[in-house]
Amino acid sequence: MRADYRHWQRIPTRWADNDVYGHVNNVVHYAFMDTVINTWLIEKAGLDIHHGPAIGLCVESHCNYKSAISFPEAVDAGLRVGHLGRSSVRYEVGFYPEDRDDVVAEGHFVHVFVDRESRKPVEIPAHLRAAMEGLVVA
């Protein structure tokens, strides 16, 4: 349900997102997940993608498809945190057609935070953790 998500971002589809069957291709949903998560991290949580000492690497992603959307529809991407660990976070994303309540797809995306140089796991930086706590759902 829409109420289960803490952050929303509207993402327009593009002509190129449709496949030969006339709907947004499955792989595009993964790009939508990447977009909503990283936009939130940069704009709301203060992630410095160019110079920050820690970066998030995707170690797992998954998507369940419920129904199709097609260009020129926009999709509302709902974001929440399902698990917040020491060095990892599991984001959960729900995709809804613009201004409707029927879910198109639901997925998750796991980031492990690592040192930018060594690529060894590190604790999630405090400012990111504080922002992520605002997205946690029970």
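**Notebook: overall fold and Gly-107**

I looked first at long-range contacts: of the contacts in the protein chain between residues at least 6 apart in sequence, 70% join residues at least 24 apart, contact being taken as heavy atoms within 4.5 Å. I note that this is a predicted model, in which local features need pLDDT of at least 70, side-chain atom pairs count only at pLDDT 80 or more, and totals for chains, interfaces and linings use all residues. Residues are numbered from 1 along each chain as its sequence is written, and side-chain values use heavy atoms, with hydrogens and water left out.

I then read the secondary structure: the protein chain has 2 helices and 5 strands, in the order β-α-β-β-β-β-α. Helices (H or I, at least four residues) and strands (E, at least two) are DSSP runs, numbered from the N terminus.

For overall dimensions, I found that the C-alpha trace spans about 45 × 30 × 25 Å along its principal axes. Buried residues account for 42% of the 138 residues, where buried means under 20% relative accessible area with a 1.4 Å probe, protein chains only.

I turned next to Gly-107, which is placed in strand β5 (residues 105-115). Is Gly-107 buried or exposed? I recorded 11% relative accessibility, so Gly-107 counts as buried.

Which residues does Gly-107 contact beyond its neighbours within four places in sequence? I listed Met-33, His-62, Cys-63, Tyr-91, Glu-92 and Val-93. I also checked Arg-90, 17 residues from Gly-107 along the chain; the C-alpha atoms of these two residues are separated by 10 Å.

Note on methods:
Buried < 20%, exposed > 50% of the residue type's maximum accessible area, 1.4 Å probe, protein only.
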